[in-house]
Structure formats: C-alpha cells, structure tokens
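Colleague: I am new to this structure and would like a close look at a single part of it. Please take the nonpolar core and describe what lies around it.

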Amino acid sequence: MAPDTSDRPDGLPPTLLDLTTFLLARTGRTARARLADQLAERGLRLWDLAVLAALADFGPQAQRDLVHRLGIDPSDLAKVADQLGAAGYVERTRDQRDRRRVSVAVTATGRALLAELEGRARAVRDEVLAPLDAEERRTLHDLLLRVHQGMAEQPGGE
C-alpha cells in the first residue's frame, strides 16, 4: 500500500521529492514563470533580459555572436533585437566592411531598463528562496553555479 501523502501541502509522491532532478525542474519552472510574469508587465520576455544582460556585461556584439553566446535561434534573436531596438533599448549597426554583419549595443535607456529588471529578478529570487537564510542562499547559489559550470564542460553541455 502506498504511503498517504494527503497531509502534504504539495500532495507530491515522496518518490518524486527524493529526486533532486525533479526538485530542480519543479523549482526552476516556478521561478521562471514568476520572472516571466514580472517581465511581461513591461511587455518583455526572458530573451529580452538575456540579450540586455549579455550586451551590458560583454559590450557590443555581432548578432551571430549573441546567437552562440546565448544559445538562441538566429531568427528569434533577430526578433528580440528588432523589438529592443524599436523601443530604444539597443542600437543595431551594419559593419562597414561586411554588410552582412550586424552589431548590437545596449543604450543608456537599455541599461536603465536592465537595472529595473535585475531588481525584479532579485525580488523573484527572494520570494522563491524565502525559506532559506542568507548563508543557505549563498551556498545554494554556489552549488548551482558549480553544477552549471560542470554541465557546460561535459560533451553536449551548454
């Protein structure tokens, strides 16, 4: 006979709760949805945040380099860059030597937007991680970063 889970607030089977991969996926999905809701209030999506962050952190980039850096489909990146450009958050320019090459740079308005979005992302983080104290949050972050970096080093990694 299966154990009774009706007293659990989430009602999930203990077998699933014993799987770290399940917990990561479930927590990640919830955090992503909450962040997506915050971005949607500004008419933005997660890729918009990713492009702004990459440009702010690494400087102007060729669109094709952003495609590789972020792992986004080229046509999707073109749409994101078009939307961000139309709103004045990024500038796109053609390379004078190679007209096929398009460079993207974040504007001052885009940097201000990114600062706002980072604040919203931190608020979501604080909401999701509310059960943890500050030291536990740092430990969780450090562990997840190590896992992320380890996955990137594996064949077929990010």
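Modeller: What follows goes through the core, then the sheet, and then a few single residues. The model is a predicted one, and that applies to each statement below.

The largest nonpolar core has 22 residues. Those that touch the most other members are V51, L52, L55, L66, L84 and L117. Which elements give two or more residues to this core? They are the helices α2 (20-40), α3, α4 (63-70), α5 (74-86) and α6 (108-128), together with the strand β3 (102-106). Helix α3 supplies the largest share, with 5 residues. As a general point, nonpolar side chains in soluble globular proteins tend to be buried together.

L117 can be followed further. Setting aside residues up to four places away in sequence, L117 touches L39, L44, L49 and L52. L52 is thus a partner of L117, and both are on the list of residues that touch the most other core members.

Strand β3, one of the elements that contribute to the core, also belongs to an open sheet of 3 strands. The order in that sheet is β1-β3-β2, and the pairing is antiparallel. Strands β1 (61-62) and β2 (90-94) stand at the edges; each has a single partner strand, so one side of each has no neighbour in the sheet. Between β1 and β3 there are 2 bridges. In this part of the sheet, A62 stands opposite S103 of β3.

Q63 lies in helix α4. Is Q63 buried or exposed? Q63 counts as buried because its relative accessible area is 13%, and the limit for buried is under 20%. Apart from neighbours within four places in sequence, Q63 is in contact with L77, A78, A81, R92, V102 and V104.

D57 gives the opposite case. D57 is part of helix α3, which covers residues 46-58. With a relative accessible area of 61%, D57 is exposed, since exposed means over 50%. Along the chain, D57 and V106 are 49 residues apart, while their C-alpha atoms are separated by 9.9 Å.

Last come the aromatic rings. How many aromatic pairs does the structure hold? The number is 0. There is, however, a charge placed over a ring: the charged end of R69 sits over the ring of F58, at 3.8 Å from the ring centre.

How values were computed. Residues numbered from 1 in each chain as written. Predicted model: local features only at pLDDT ≥ 70, side-chain atom pairs only at ≥ 80, totals over all residues. Heavy atoms only, no water. Helix = DSSP H or I, 4+ residues; strand = E, 2+ residues; numbered from the N terminus. Buried < 20%, exposed > 50% of the residue type's maximum accessible area, 1.4 Å probe, protein only. Core = buried A, V, L, I, M, F, W, Y, C linked by side-chain atoms within 4.5 Å. Contact = heavy atoms within 4.5 Å. Phe/Tyr/Trp six-rings, centres within 6.5 Å; stacked < 30°, edge-to-face > 60°. Lys NZ or Arg CZ within 6 Å of the ring centre and 35° of its normal. Pairing = 2+ DSSP bridges.
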